[in-house]
Amino acid sequence: MRKINFSAGPSTLPLEILQKAKDELLNYQGKGYSIMEISHRSKVFEEVHFGAMSKAKELYGLNDDYEVLFLQGGASLQFAMIPMNLAQNGSCEYANTGVWTQKAIKEAKILGANVKVVASSEENGFNHIPKVEFSDNADYAYICSNNTIYGTQYKEYPKTKAPLVVDASSDFFSRKVDFSNIALFYGGVQKNAGISGLACVFIRKDMLERSEKKNLASMLKYTTHSQNNSLFNTPPTFAIYMFNLEMQWLLSLGGLDKINELNLKKAELLYNLIDESKGFYKTHALKKEDRSLMNVSFNIPKNSDLEPLFVKEAEEKGMLGLKGHRILGGIRASIYNAITFEQVQTLCEFMKEFQKKYE
């Protein structure tokens, strides 16, 4: 019997994708070998590789102004590659909304970039999305679209004249995005779009022109990977195969508008229960408009000693991954694309029972 996995990442995968991967693991499309065994230069793997790129662009409605890169090193390597490739002689501006922007800021400073933090919610424990105005002439403007730990999310991205860079790791492929001012859009795929080991980067071609002028090690240049179709070195072939299955699954559901509709319903159900608990449960996100649709971070404020008991009893009922991040504590339910409405209903029923038992 499979558990309900509310982990923040790596996270649950759609059951039908796991089943397909299982069915094809030893004998991919009847060819007599596994996709993990075949050369990344073969036509068989190239169909998977380029098919995944094409589907990813189709889901976001992107044209040839953008390229898709498959990279290793997770989102964390992008914290360094972005200033390496995109910083020029101006400022690199960041909105600090949590741990992952803090890490990105740190990496940019290590590399000597002219970093400016132009908005932050740190003084308030990252409990909201701060208002931000980026300079028009900044080298780039950087945000993290969804904050996994704190449960906050940009519902709309800032309008900028400067190139906008978005770390979308934890709400990747969960909704349509306005790319009109986005220069680089990226994330690790292990939350909403596959398994760990792969980072996907959408980069606008004028940013590749910046990268081309940089004197960097080959593996750290975006143009290296662009010019070689993300095949400069041996890519994480199985992770790309799983990503391709996830892209096909999203398309079969009706695309990102459809998955966003489902995500809204799941989040509404869970947040309504929290709001109607008369203070027994309380979200970390201060404002309703900033609440994440992906990561619901909450507490039992009147008796925090109940929180580990909540996690323990939930696990006994087959629900995993509900312990809050070690930095914030409390409880966190990550309700990514692959979590079903029925699974959220199961969590909500448990939460009602838990409140009735311990209130």
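Biologist: Where in this predicted model does Pro10 lie?

Modeller: Pro10 lies in the loop between strand S1 (4–5) and H1, and the peptide bond that leads into Pro10 from Gly9 is cis.

Biologist: What makes the peptide bond from Gly9 to Pro10 worth a remark?

Modeller: Its omega is near -5 degrees, and the bond is cis. Most peptide bonds, by contrast, are trans.

Biologist: Why is Leu26 called exposed?

Modeller: Leu26 has a relative accessible area of 73%, and exposed means over 50%, so Leu26 falls in that class. Leu26 lies in the loop between helix H1 (15–24) and helix H2 (43–60), and together with Leu25 and Met36 it makes a nonpolar surface patch of about 310 Å².

Biologist: How do you know that Ser230 is buried, and which class does Asn229 belong to?

Modeller: Ser230 has 2% relative accessibility, and buried means under 20%, so Ser230 counts as buried. Asn229 has a relative accessible area of 40%, which lies between the cut-offs of 20% and 50%, and is therefore partly exposed. Asn229 lies in the loop between helix H6 (222–227) and helix H7 (237–253), and Ser230 is likewise placed in the loop between H6 and H7.

Biologist: What is notable about phi in Asn229 and in Ser230?

Modeller: Phi is near 55 degrees in Asn229, a positive value in a residue other than glycine, and phi of Ser230 is near 60 degrees, again positive in a residue that is not glycine. Most residues other than glycine have a negative phi.

Biologist: What makes strand S2 and strand S4 the edge strands of the sheet?

Modeller: The sheet is open and is formed by seven strands in the order S2-S10-S9-S8-S5-S3-S4, with mixed pairing. Strand S2 (66–71) and strand S4 (115–120) each pair on one side only, and these are the edge strands. Neighbouring strands of this sheet are turned by 20 degrees against each other on average, direction ignored.

Biologist: How do you know that S9 and S10 pair?

Modeller: Pairing requires at least two bridges, and five bridges join strand S9 (residues 182–188) to strand S10 (residues 199–204), so S9 and S10 count as paired. The two strands run antiparallel, and Tyr186 has Val201 in S10 as its bridge partner.

Biologist: Which strands does helix H5 touch, and which does H3 lie across?

Modeller: Helix H5 (residues 205–212) packs on the sheet and touches S2, S9 and S10, its direction making about 100 degrees with that of S10. Helix H3 (residues 74–86) lies across S2, S3, S5, S8, S9 and S10, and runs at about 155 degrees to S9.

How values were computed
Residues numbered from 1 in each chain as written. Predicted model: local features only at pLDDT ≥ 70, side-chain atom pairs only at ≥ 80, totals over all residues. Heavy atoms only, no water. Helix = DSSP H or I, 4+ residues; strand = E, 2+ residues; numbered from the N terminus. Axes fitted to C-alpha atoms, helices over the stretch in contact; angles between N-to-C directions. Contact = heavy atoms within 4.5 Å. Patch = residues over 30% accessible without salt bridge, like charges linked within 9 Å, V, L, I, M, F, W, Y side chains within 5 Å. Areas by Shrake-Rupley, 256 points an atom, 1.4 Å probe, with all protein chains shown as cover. Salt bridge = Lys/Arg side-chain N within 4 Å of Asp/Glu carboxyl O. Buried < 20%, exposed > 50% of the residue type's maximum accessible area, 1.4 Å probe, protein only.
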